[in-house]
Each structure stands twice: as C-alpha cells, then as structure tokens.
Amino acid sequence: MGKRMICALATMGATAVGAGASAAGLLRHQAGSLRRAFDDDENRRHSIFAEAIAAPRHRDDDDSAALAIIGDSWLCGVDVDPEHAPPTLIGRGLARMLGTTVRVQTTARPSALSDDLHRQVDEILRSPWLSRQLSDQWSESRRFAIISIGTGDIIHPIQATIGIPVLNQAINRLQREGRYTVFVLVCPNLGGLPGLRDPLKTSLRRTSRVLAGSQWLAALAARAVPLRATNSLSGTTRKSLLSESGRFPSELGYAQLSSTLLAAIAERIEAPVVVDRSLDVPEKGESARRHDLVPDPQPSPPAAAS
C-alpha cells in the first residue's frame with residue numbers, strides 16, 4: 001500500500017509540474033505574439049500635428065488656449081483620419097466650450113512606453129506653438145495637457161518600467177513649467193481586449209488593474225485629474241469601440257474617449273456642457289433648417305359669400 005501511495009503521489013506531482021510547464025509555455029507564446037503585434041503598431045498611420053482650431057464664428061474672444069496630447073495609441077488616433085482623432089476632436093470641443101482659438105500639439109505615438117514620457121514632455125514644454133506668451137490669459141483655465149500611458153509597460157515588462165515615478169514627474173513638470181491643468185487617462189483593462197485567451201487574458205487583466213490603480217493614486221497625489229479609459233469605452237458593444245486588432249480604439253472609440261475628456265475638462269473649469277449643435281450644420285443646410293422653422297403666414301380669411 002505504501003509503494004502504491006508513493007507512486008500515486010509521484011504521478012500527481014509529475015502531472016502538476018507538466019501542466020504548470022505547459023501553461024507557462026503557452027503564456028510565453030501568447031505574450032510573444034502580442035509584443036510583436038504591439039511593436040508593429042509603431043509604424044501605423046497616426047496623427048502628428050500642431051495646428052490652431054478656430055473658435056465658432058461670432059464667438060472668438062481674440063485670445064487662445066493650449067492643448068497638449070501626450071502618450072500612446074489611446075490618444076494619438078491610429079488608423080483614423082486626423083479629423084476624427086482625439087487631438088482634433090478635443091480641440092474642437094474646447095474651442096466651442098471656451099469661445100476661443102485652441103492651439104493643439106500632439107506628441108503621442110503608437111507603442112509608446114513610460115520611458116518615452118520624458119522626451120514627449122520636453123517637446124511640449126519647448127514648443128513655441130504652445131508658449132504661454134501667445135495668450136493673454138495663460139492661467140491653468142486656458143492650458144490643458146492629457147496623458148495616456150501604461151499599455152506598453154505591461155506588454156513589454158522587460159524593456160519598460162512600470163512608470164509611476166515617471167508619470168508623477170511628467171505631471172509635475174507640466175504643471176510647474178507649463179502651467180497646464182493635467183488629465184491622466186489611466187491604463188485600460190487589457191484583459192478585456194477581444195481575441196485574448198487564458199492564461200494571458202487573466203495575467204493582463206490583473207496587471208493592468210494594478211497599474212491603473214497606481215496611476216489613479218499618483219494623479220490624485222499630484223493634483224491631476226484621473227479618468228478611466230475602460231469606463232469611457234462603455235455603453236455599447238465594446239467590439240465596435242475597439243479596432244479590429246483590439247489594441248487601440250476604433251474611430252467610434254476615439255470619439256467616445258474624446259467626449260469623456262471634454263466632459264471632465266468642462267467640469268474642472270465649471271464650463272457649461274451644452275453645445276449649440278446648429279454649428280454642425282453647413283450654412284446652406286442651416287438656412288434651409290431656419291426656413292423650415294419659420295411658421296407659415298396666417299391664411300387669409302375666406303371671402304364673404306355674396
């Protein structure tokens with residue numbers, strides 16, 4: 001009986017070791033495939049520009065505001081037309097909200113790591129386009145910076161640093177040297193990306209939640225405004241809000257993220273959120289719409305019978 005028990009325990013131990021080795025091997029294979037796809041994203045088309053977005057007609061206060069977009073593929077607008085990328089969408093919303101021209105510059109890049117934040121922030125702080133001297137009202141109520149970083153740190157844990165100190169330093173520099181009000185879009189729940197399977201799915205979910213929580217606390221400690229990317233991509237089917245690869249938002253997803261950020265900015269500066277939608281209508285269509293709204297003239301009274 002003793003020999004049988006020993007043999008059974010040995011068999012169970014060997015099975016457990018074999019299963020563990022198999023799971024570890026599968027995890028390495030899945031992670032390697034995701035890293036290669038993530039690295040390939042670096043060459044995808046994305047928005048790189050510095051431009052001015054004009055205020056709505058008849059509402060410009062002859063001053064300007066500044067908007068800096070910093071980080072990774074969750075903000076730079078991968079594989080979408082620049083008109084539908086977050087820098088343009090947020091800048092356009094700000095111009096309407098503030099009634100002023102908004103100077104926008106983006107340094108966000110696909111596949112960016114926390115190690116890239118220092119260079120991106122340097123580029124923003126040295127930019128003559130976003131200089132405080134270009135605005136008469138250069139207080140924090142007219143200068144905004146938005147950061148999204150962390151996805152690459154999880155996908156590349158060996159090459160990258162889980163950059164909470166780096167994020168904290170970036171926030172402090174933007175506030176102190178650039179007088180920016182800073183918003184941080186914390187790391188999304190990567191375990192929810194489509195097409196992932198266990199064990200990678202569970203591993204990414206746990207790691208991204210830990211990083212998101214750490215970024216949230218770091219942003220609060222540095223007097224920045226944290227926002228959850230995962231919460232922003234809700235309200236409809238997640239599949240339609242992510243690209244086919246699932247590694248960054250779709251055009252609709254970028255629009256939803258931009259709306260979330262604009263609402264947060266409006267709340268921070270206590271601006272009205274109501275937007276005059278008539279500004280979306282081309283002049284020809286607007287005149288036609290006004291014509292439709294004009295009440296018909298009162299009909300003439302019927303002629304008296306003779």
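Which residues in H3 meet which residues in H10? Let's start there. A reminder before I answer: this is a predicted model.

On the H3 side we have Pro86, Leu89, Ile90, Gly93, Leu94 and Met97. On the H10 side they meet Tyr254, Ala255, Ser258, Leu261, Leu262, Ile265 and Ala266. By class, that contact has 11 nonpolar residues, two polar and no charged ones.

Now the geometry. H3 covers residues 86–98, and its axis comes within 9 Å of the H10 axis. The two cross at roughly 35°. The crossing is right-handed.

Next, the core. The largest nonpolar core has 50 residues. Leu67, Ile90, Leu94, Ile146 and Phe183 have the most contacts inside it. Helix H10, residues 251–268, gives the most to this core: seven residues. There is another core, apart from that one, with 23 residues. Ile124, Leu130, Leu174 and Val186 are among them.

Back to Leu94. Set aside its neighbours within four places in sequence. Leu94 is then in contact with Leu67, Gly99, Val102, Phe144, Leu262 and Ile265. Two of these you have just heard: Leu262 and Ile265 are on the H10 side of the helix contact.

Last, helix H7. H7 runs over residues 200–221, 22 in number. From first C-alpha to last, H7 reaches 31 Å, close to the expected 32 Å. Its buried residues are Leu200, Thr202, Leu204, Ser208, Leu211, Ala212, Gln215, Ala218 and Ala219. Keep the helix repeat in mind for that list. An α-helix has 3.6 residues a turn, so residues three or four places apart point the same way. After H7 comes Arg223, with a positive phi near 65°.

Terms used
Residues are numbered from 1 along each chain as its sequence is written. This is a predicted model: local features need pLDDT of at least 70, side-chain atom pairs count only at pLDDT 80 or more; totals for chains, interfaces and linings use all residues. Side-chain values use heavy atoms; hydrogens and water are left out. A nonpolar core is a set of buried Ala, Val, Leu, Ile, Met, Phe, Trp, Tyr and Cys residues joined through side-chain atoms within 4.5 Å. Buried means under 20% relative accessible area, exposed over 50%, partly exposed in between (1.4 Å probe, protein chains only). Helices (H or I, at least four residues) and strands (E, at least two) are DSSP runs, numbered from the N terminus. Contact means heavy atoms within 4.5 Å. Axes are lines fitted to C-alpha atoms, for helices over the stretch in contact, and angles run from 0 to 180 degrees between N-to-C directions. A crossing is left-handed if the near helix is turned anticlockwise from the far one by less than a right angle, and right-handed if clockwise. Ala, Val, Leu, Ile, Met, Phe, Trp, Tyr, Cys and Pro count as nonpolar, Asp, Glu, Lys and Arg as charged, and the others, Gly among them, as polar. The expected span of a helix is 1.5 Å times one less than its number of residues.
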